[in-house]
2 protein chains.
Amino acid sequence: MPSIKDVARKAGVGIATVSRVINNSGYVKQSTREKIEKVIQEIGYVPNEIARSMLKQKNNIVAFIIPNSTHLFFGELLYHVELELFKYGYKLMVCNSSESMEKELEYLDMLKNNRVDAIILLTNNDIEQYLNKDLPLISFDRKFKDVPFVASDNYQGGILAAKKLIDLGCDHLMFIGDDAQGDSTPVQTEVTKRRLGFMSYAKEHHHSEVINIEYPLGNYINIPEQVHKTVLEHPEVDGIFAISDAVACEVILNLEKHGKRVPEDVKVIGFDGGRSFLNLGKKMTSISQSPEQIAHAIAESIHSFYANEKVENKIIPVTLTNGETA
Amino acid sequence: MPSIKDVARKAGVGIATVSRVINNSGYVKQSTREKIEKVIQEIGYVPNEIARSMLKQKNNIVAFIIPNSTHLFFGELLYHVELELFKYGYKLMVCNSSESMEKELEYLDMLKNNRVDAIILLTNNDIEQYLNKDLPLISFDRKFKDVPFVASDNYQGGILAAKKLIDLGCDHLMFIGDDAQGDSTPVQTEVTKRRLGFMSYAKEHHHSEVINIEYPLGNYINIPEQVHKTVLEHPEVDGIFAISDAVACEVILNLEKHGKRVPEDVKVIGFDGGRSFLNLGKKMTSISQSPEQIAHAIAESIHSFYANEKVENKIIPVTLTNGETA
DNA sequence: TTGTAAGCGTTATCAA
DNA sequence: TTGATAACGCTTACAA
């Protein structure tokens, strides 16, 4: 592919002049400019961004380390993150970790070598100790030391769900989640606040104790068979808040398989937005996260950082989306 | 971040020697090597891939122009493409076109500027005239002049679906698809072969005519309301082949809403693999594409190209996955 | 208004 | 064994 030198030679000018033309900087005589533009057309010259990156020490590439782009909510988030970054002139590199910490570390090394401008990190692994100042990180739904983060208002989501179920007259509440606080792993993400918010509101406004099902972090999609068993062992439960739509969906299908009607016998609320679960046959009642707003906040943070503005942590509001399962 | 010069200075050697150490090339005295490695550790030097790219004229970045990573099958494909490319040392840039040709052209320009090593193109737009030799293209499910392609065996998929429905004793077949052959757009993709294979087999092995519903390319997920109406206008139909699982899912939900039982009254076969539609409440019968194999074929083609091997077009086999809808 | 030259961080060539 | 030095393609002083 032709370089700036080829243009300069063919136009009979110096490369600096060509540079001035393509960047519209400095003075260039009109006739010279036209001559150069003509040559550019003729030989199909386009500037090489790699060379520019080297000089500017900035390549406008952002990487997104994500467990799995196949997961419904993550897929949506990825889509919007790419869209928002594009508006600021950033390109997005996807890095599917498949939830493996080893893979995450491998990506981190690779991305450091590639001098990407930012790395969006979304993980449940115990990775804190491997993060350092040379990595331009921003994290989603997770706090790391010295790393700015964006998170949904998970606590408020828990409250909204509890309030909804209680308002609907549920007598026996249950929470189901793989948020892995406590013993199962040393990691605590912001997601656990869904549970905390739920519990807290229920404690204040509800008479009986909430049944709390907690299981280790899995693959985000399939939940352990044991959980289904436990649910069935509590026939008195008439209100369930699940940590994600995917989990809620599985729980609902299981309940229905065992003769329970949703929402008549048991009301179920998921978390994420229910958008992708039209094919459940009914619309899910869910606490909606806004992938658009999250993506916007992330892109804005990255942009602010390079504009030398202060990067604030951001909490994105959630809303209750009414559906047919509660 | 430190450069090779910093290492050289601190170790009291020339930069060429440092380069030899980090690339394990040429002769380096053991003691020198150790001294250099020590410095590298100390100052936390990692080589700058951007500089390497510039020199090698290769950056190991592949871009994937995809309509929407949120679409279930595309999301899976994206996931596997990234995985497969990673094995060959390639990084993946996602470019969501949202099906807009304008956006695709914008991406194409951007990617040319960025000298990416390959561009995987997945589009239904009439874009042929904008493609040129400077774009390192490979296409999925679509033939372009002088562009190598990978496609599923769509024709065979149509045959498998027709055979299945006929073997199950269906008397009145229907095909539903937005494959847009003929009038609706000048574009013809490989996907239209699903219809052709279906029709061809049905013609040979079936008595009555197949009802053919064709509608313009949409957003891959929602189908026009008119299609649902047309389906209901044909109560005699007892076997439907839909061009994708997403379409099949919508058709099934609509049929059930109107009192038809699937598969008892109408058998429905989708296309893609049915994997993501567990939450339909039943497993979909579907012609399975293999995102893994497709991704592998794509990655391999790109790799072959840079290994100076001949890049062949590749047709990936499909299989019938039995489910509960046919 | 224009051109020369330095420099961004590497690798590769060629002497030493 | 090693170290200058010339690329790679660009931007930006600095001179002219």
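1. Two strands are taken to pair if DSSP finds at least two bridges between them. With that in mind, this predicted model contains an open sheet of 12 strands with mixed pairing, in the order S11(A)-S5(A)-S4(A)-S3(A)-S1(A)-S2(A)-S2(B)-S1(B)-S3(B)-S4(B)-S5(B)-S11(B). The edges are formed by strand S11 (314-316) of chain A and strand S11 (314-316) of chain B, each of which pairs on one side only. On average, and with direction ignored, neighbouring strands of the sheet are turned by 20 degrees against each other.

2. Within this sheet, strands S1 (residues 61-66) and S3 (residues 118-121) of chain B run parallel and are joined by 4 bridges; one example is Val62(B), whose bridge partner in S3(B) is Ala118(B).

3. Helices also pack here. Helix H11 (residues 291-306) of chain A packs on the sheet, where it touches S1, S3, S4, S5 and S11 of chain A, and its direction makes about 165 degrees with that of S11(A). Helix H5 (residues 72-87) of chain B lies across S2 of chain A together with S1, S2, S3 and S4 of chain B, running at about 170 degrees to S1(B).

4. Turning to the DNA, 28 residues lie around strand C, and those that come nearest are Thr17(A), Arg20(A), Lys29(A), Thr32(A) and Leu55(B). For Lys29(A), a backbone N or O atom lies 2.5 Å from a phosphate oxygen of this DNA strand, while for Thr32(A) a polar side-chain atom lies 2.3 Å from a phosphate oxygen of DNA strand C.

5. The residues of the surface near DNA strand C divide into 15 nonpolar, 9 polar and 4 charged, and the largest share of that surface, 5 residues, comes from H2(B).

How values were computed:
Residues are numbered from 1 along each chain as its sequence is written. Chains are lettered from A and ligands numbered from 1 in the order in which they are written. This is a predicted model: local features need pLDDT of at least 70, side-chain atom pairs count only at pLDDT 80 or more; totals for chains, interfaces and linings use all residues. Side-chain values use heavy atoms; hydrogens and water are left out. A residue is near a molecule or strand if one of its heavy atoms lies within 4 Å of it. A polar contact is a pair of N or O atoms within 3.5 Å; within protein, one must be able to donate a hydrogen and the other to accept it, and residues adjacent in sequence count only if both atoms are side-chain atoms. Helices (H or I, at least four residues) and strands (E, at least two) are DSSP runs, numbered from the N terminus. Ala, Val, Leu, Ile, Met, Phe, Trp, Tyr, Cys and Pro count as nonpolar, Asp, Glu, Lys and Arg as charged, and the others, Gly among them, as polar. Axes are lines fitted to C-alpha atoms, for helices over the stretch in contact, and angles run from 0 to 180 degrees between N-to-C directions. Contact means heavy atoms within 4.5 Å.
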